[in-house]
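I opened a fresh page for this protein. My plan is to go from the sheet to the core, then to the pocket and the loops.

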Amino acid sequence: MPLFAVQYTYAHEKSAQRDDHRTDHRAWLADLVRRGIVHSSGPFADGGGALMMVEAADAEDVNSLFDQDPFAKRDLVQARVVREWIPVFGVFVK
C-alpha cells in the first residue's frame, strides 16, 4: 500500500488551544499507530508543525482520515499537505 507524508503547519497564536487538546490528538494518533496506519509521527523541533508517515490506498483516504484528527476538528491546523512518498532506502522500504 502507498506511503504518504502528512505535514501540518501550526499557527503560533493557537498553541494554547493545541495544548488543551493534545491528549485527544495523541490518543487518536496512537490508535492509528496501533492499527498499522500511521508508521511515525512527531512535531517539528521549532513547534511550527508536525510530520506523520501514513499508509493508505490514496491521498483522498488520507485526507478523509486526517479530517478526523481532534486538532483538525477544532481548526488547530493552519495547513495540511499530503504527498505520496516512495522510500528507496531505510526503515520504510518494504
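**Entry 1: the hairpin.** I note at the start that this is a predicted model. I began with one residue pair: Ser41 stands opposite Met52 in β3. Next I looked up how β2 and β3 pair. They are antiparallel, and 5 bridges join them. The two strands form a hairpin with 5 residues between them. In that hairpin I checked Gly47, and its phi is positive, near 80°.

**Entry 2: the whole sheet.** In what order do the strands of the open sheet lie? I read the order as β2-β3-β1-β4, for 4 strands with antiparallel pairing. The edge strands are β2, residues 38–43, and β4, residues 79–85. Each of these pairs on one side only. From one strand to the next, the twist averages 15°. I reminded myself that strands of a sheet pair through backbone hydrogen bonds, either parallel or antiparallel.

**Entry 3: β1 and β3.** I then turned to β1, residues 3–9, and β3, residues 49–55. They run antiparallel, and I noted 7 bridges between them. Here Tyr8 has Ala50 of β3 opposite.

**Entry 4: the helix across the sheet.** Which strands does α1 lie across? I found β1, β2 and β3. This helix covers residues 15–34 and runs at about 155° to β2.

**Entry 5: the core.** I looked up the largest nonpolar core, which has 19 residues. Val6, Tyr8, Met52, Val54, Val62 and Phe66 touch the most other members. The elements giving two or more residues to this core are β1, α1, β3 and α2. I went back to Met52 and listed its contacts, leaving out residues up to four places away in sequence. Met52 touches Phe4, Ala5, Val6 and Tyr8, and also Leu29, Ser40, Ser41 and Phe66.

**Entry 6: the pocket.** What is the volume of the largest pocket? I wrote down about 210 Å³. Its lining has 13 residues, and the closest to the centre are Tyr10, Arg22, His25, Arg26 and Pro43. Both α1 and β2 give two or more residues to the lining. Helix α1 gives the most, with 6 residues.

**Entry 7: His25.** I picked His25 from the pocket lining for a second check. His25 is in helix α1. Is His25 buried or exposed? Its relative accessibility is 5%, so it counts as buried, the cut-off being under 20%. Not counting residues up to four places away in sequence, His25 touches Tyr8, Tyr10, Asp69, Pro70 and Phe71.

**Entry 8: Gln68.** Where does Gln68 lie? I found this residue in the loop between α2, residues 59–66, and α3, residues 70–73. Its relative accessible area is 41%, so I put Gln68 down as partly exposed. That value falls between the 20% limit for buried and the 50% limit for exposed. Leaving aside neighbours within four places in sequence, Gln68 is in contact with Trp28 and Lys73. I also checked Gln68 against Phe44, 24 residues apart along the chain. Their C-alpha atoms are separated by 21 Å.

**Entry 9: one more loop.** I finished with Asp75, in the loop between α3 and β4. Its phi is near 55°. I marked this as a positive value in a residue other than glycine.

Note on methods. Residues are numbered from 1 along each chain as its sequence is written. This is a predicted model: local features need pLDDT of at least 70, side-chain atom pairs count only at pLDDT 80 or more; totals for chains, interfaces and linings use all residues. Side-chain values use heavy atoms; hydrogens and water are left out. Two strands pair if DSSP finds at least two bridges between them. Axes are lines fitted to C-alpha atoms, for helices over the stretch in contact, and angles run from 0 to 180 degrees between N-to-C directions. Contact means heavy atoms within 4.5 Å. Buried means under 20% relative accessible area, exposed over 50%, partly exposed in between (1.4 Å probe, protein chains only). A nonpolar core is a set of buried Ala, Val, Leu, Ile, Met, Phe, Trp, Tyr and Cys residues joined through side-chain atoms within 4.5 Å. On a 1 Å grid over the protein atoms alone, a cavity is a set of points where a 1.4 Å probe fits but cannot get out, and a pocket is an open set with protein on both sides within 12 Å along at least five of seven lines; lining residues have an atom within 4 Å of a point. Grid points are joined across faces, edges and corners, and a volume is the space filled by probe spheres set on the points.
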